Amino acid sequence: MNWSNVKLILAREIRDQLRDRRTLFMIAVLPLVLYPLLGMSVFQVMQFMSEHAIRVLVVGAPEIGQLPPLVDKDRFAADLFSDREAIALLQVTSRSSGDAAGGAASNPLELARDEMREDGFDVVVYFPPDFAERFARFSQALANSRSGKGPVNEADLKLPGVAIYPNLAEDASTAAYRRVADVLSRWRDQIGRRNLEASGIPLAAAKPFPIKTRDVAGKGQHTAAVWAKILPFVLVIWALTGAFYPAIDLCAGEKERGTLETLLSSPAERLEIVWGKLLTIMLFSAATAMLNLTSLAITGSFVLSQIPNLGPPPALAFVWLLLALVPVSALFAALCLALAAFARSTKEGQYYLMPLVLVTMPLVILPMAPGVELNLGNSLIPITGVVLLLRAMLEGNYLVVLPYTPVVVAVTLCCCLLAIRWATDQFNTESVLFRESERWGVSLWIRHLVRDRGATPSFADAMFCGVLILLIKFFMSFGLIFSDFVTVAAVTQLVVIATPVLLMTVMLTRSPAQTLLLRRPALRASLAAVLLAVVLHPTANLLQVIVNRVYPLNEQLVQALNRLLLEQDNIWILLLVIAVMPAICEELAFRGFILSGLRHMGHKWSAIIISSIFFGAAHALFQQSIVTFVVGMILGFIAVQAGSLVPCMLFHVVHNSMGVLVHKLAPPAGDETRWLDWLVRNGSAGEQLYHWPVLVVSILASAGILYWFHRLPYARTPEESLQEAIEHQSATWLAG
């Protein structure tokens with residue numbers, strides 16, 4: 001690669017972006033103005049956030065000398081509060097049961113609703129009409145119990161409950177409920193202390209030891225914890241935003257201005273153009289994120305200085321943020337560049353921002369959920385692992401993050417490389433770079449489907465089929481009323497998977513046999529697929545165990561799944577719905593229609609991976625989807641290399657059958673007749689594991705058979721042949 005050309009393109013793109021007033025405003029002006037204005041708004045809003053007086057209606061409050069006072073005029077009793085401001089906050093209106101609305105004794109809920117709706121009370125406290133009488137009997141029963149005078153009626157020792165009626169659908173009533181509940185709890189404690197004193201029992205008997213709270217957080221840890229939740233979120237969001245708008249201008253904008261053709265006709269190669277634009281977008285993404293972080297930290301320091309024990313973020317925080325910003329900016333720059341290259345105009349390019357944000361936001365918000373910590377499972381999730389790693393770094397938990405740092409770095413770099421590869425492919429595809437606006441109408445679309453059908457489905461047809469299967473499966477999961485596992489599995493395979501695929505094959509393609517790879521395979525390919533399914537099973541079983549340990553299954557769910565398998569006595573029916581039917585229906589769908597359409601992208605492995613993603617997503621459990629994705633890639637590879645779906649179906653039948661047979665035939669733990677002990681053993685969590693010599697043989701044999709499939713010549717699509725020629729030319733140019 002000629003890096004001098006890359007530098008020239010980089011300088012050109014930066015110069016063009018710096019001339020754009022919108023870009024300068026988004027990157028430099030907006031961060032410097034936005035956060036100070038937000039800080040001023042916070043101070044202004046705080047003036048209106050003072051708590052309003054809470055109106056409480058107390059119905060039937062008992063007035064007995066044996067009870068401590070609950071209500072004093074229009075307030076709760078002062079000795080129920082430690083904060084004098086809280087006394088004035090609660091305004092109490094007392095009414096006797098007779099003064100309340102009619103039917104209060106029979107239906108206090110309706111009373112509370114009417115009073116809150118008509119008179120604007122936040123909370124209603126209701127004492128039963130016989131509360132005073134019942135409490136008098138309660139006190140007398142306690143006195144008789146202490147003096148031993150006569151028998152004690154157990155019914156007299158039970159008091160009716162005091163009901164609190166809030167409207168928990170409203171925030172104000174919910175906050176009022178918490179305060180009133182605390183007041184009544186303290187009033188009840190006062191009654192309990194009086195009863196202990198009357199019984200001659202020391203108060204210490206009720207609370208024999210104090211509970212002391214000692215915060216172990218060191219100096220500055222609370223401040224670091226607050227900033228650790230804010231700064232990574234801001235980093236990711238602004239890195240995405242800062243990359244998107246320059247990408248649109250550098251690709252879709254150049255299409256509109258007519259300067260893209262001039263750039264493509266220059267001596268610079270496509271790869272050099274991609275790198276020049278990528279580095280420009282990455283630079284603006286990083287600058288946007290850092291300016292926003294700096295402005296937020298300065299403004300937040302002034303705002304948080306008004307809150308006790310909080311201050312500015314640690315100085316070391318910006319070091320970790322800067323290190324994380326490089327791969328994050330590279331990832332978003334490549335994604336945005338690929339999307340912008342696909343767009344026909346800047347307006348269309350802006351539409352692509354929302355899907356990218358919708359995919360990114362859950363990955364950023366997930367680390368903020370309670371209980372989500374950095375572990376091996378979470379570190380494998382793109383973006384989420386970066387945010388969790390940054391949060392732990394900012395909190396100072398360096399020893400905790402040390403084992404997971406290589407995992408997060410590896411996942412992020414892989415995502416960056418894949419995104420850069422996608423952006424490069426977009427610039428190597430003339431049909432993408434020079435797409436023009438298209439007319440669309442229902443009649444035009446229907447005529448196109450009928451008249452312009454290809455022998456195999458298009459890329460759009462394949463994607464639509466995959467999405468349609470997932471949507472039908474999602475809604476069918478709520479509508480299936482069958483309780484029998486066999487019926488549910490059969491309906492899912494026939495209705496959700498097979499029916500849409502067969503209909504779309506007939507309607508959208510001219511050659512169902514070519515689309516579904518219904519060709520007679522070589523006998524050796526079929527035998528190799530069956531042998532691969534047998535030898536691969538121990539490795540697949542180990543992968544499932546590893547996944548279940550990284551992402552543990554709910555114990556109740558495990559028991560339910562085991563019960564479904566063990567309760568089915570007829571093993572042939574079980575094999576039919578778990579092995580045979582999926583082998584036919586799922587292979588027709590994912591390795592037939594979808595894979596055939598996806599291969600028009602021009603990349604064999606891209607088509608295999610995307611079809612495997614659909615294959616994994618079609619399974620209900622996340623843990624199962626991960627293993628199914630890996631198995632799907634093997635099946636897709638076999639389908640491409642063998643040129644037929646028959647070896648895939650045979651592999652699928654044998655693979656699923658072995659899982660059922662090993663689970664059904666292996667004796668349970670503790671059984672003395674463990675005739676499979678030479679082959680399998682029980683793991684620490686009770687799962688079945690193959691002995692390590694069996695695993696070694698499985699891995700080596702599987703690798704050997706896959707290499708044999710790799711040596712088979714396969715039929716390339718025209719797009720794959722063209723892409724191979726482009727890649728060969730690029731490799732030759734790079735080597736030169």
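These are my notebook entries on what I looked up in this predicted model.

**Confidence**

I began with the confidence values, and I found that the mean pLDDT of the protein chain is 80, while 78% of its residues reach 70 or more. I then turned to residues 44-49, where the pLDDT is below 50, and I noted that this stretch has 0 contacts in the model beyond near neighbours in sequence.

**The nonpolar cores**

Next I asked myself which residues have the most contacts inside the largest nonpolar core. I found that this core has 67 residues, and that Leu-235, Phe-332 and Leu-337 are the ones with the most contacts inside it. I listed the elements that give two or more residues to this core, and among them are helix H7 (221-250), helix H10 (270-304), helix H11 (317-342) and helix H17 (405-427). Of the contributors, H11 gives the most, with 16 residues.

I looked at Phe-332 separately and wrote down what it touches when residues up to four places away in sequence are not counted: Val-236, Ala-239, Leu-240, Ala-243, Thr-360 and Ile-383. I also recorded a second, separate core of 49 residues, which includes Ala-498, Tyr-551, Leu-598 and Phe-637. As a reminder to myself, nonpolar side chains tend to be buried together in soluble globular proteins.

**A nonpolar patch on the surface**

I then looked for nonpolar residues on the surface, and I found a patch formed by Leu-316, Val-319, Leu-323 and Tyr-398, which together have about 360 Å² of accessible area. I picked out Leu-323, which has its place in helix H11, and I asked whether this residue is buried or exposed. Leu-323 counts as exposed because its relative accessibility is 54%, and the cut-off for that word is over 50%.

**Two residues with positive phi**

My last entries concern two residues that are not glycine and yet have a positive phi. The phi of Lys-73 is near 60°, and I located this residue in the loop between strand S2 (71-72) and strand S3 (75-76). With a relative accessibility of 76%, Lys-73 counts as exposed.

For Leu-517 I noted a positive phi of about 55°, and I found its place in the loop between helix H22 (512-515) and helix H23 (523-550). Why does Leu-517 count as buried? Its relative accessible area is 9%, and buried means under 20%, so Leu-517 falls in that class. I closed the page by setting the two side by side: Lys-73 is exposed, whereas Leu-517 is buried.

Methods. Residues numbered from 1 in each chain as written. Heavy atoms only, no water. Helix = DSSP H or I, 4+ residues; strand = E, 2+ residues; numbered from the N terminus. Buried < 20%, exposed > 50% of the residue type's maximum accessible area, 1.4 Å probe, protein only. Core = buried A, V, L, I, M, F, W, Y, C linked by side-chain atoms within 4.5 Å. Contact = heavy atoms within 4.5 Å. pLDDT = per-residue confidence, 0-100. Patch = residues over 30% accessible without salt bridge, like charges linked within 9 Å, V, L, I, M, F, W, Y side chains within 5 Å. Areas by Shrake-Rupley, 256 points an atom, 1.4 Å probe, with all protein chains shown as cover. Salt bridge = Lys/Arg side-chain N within 4 Å of Asp/Glu carboxyl O.
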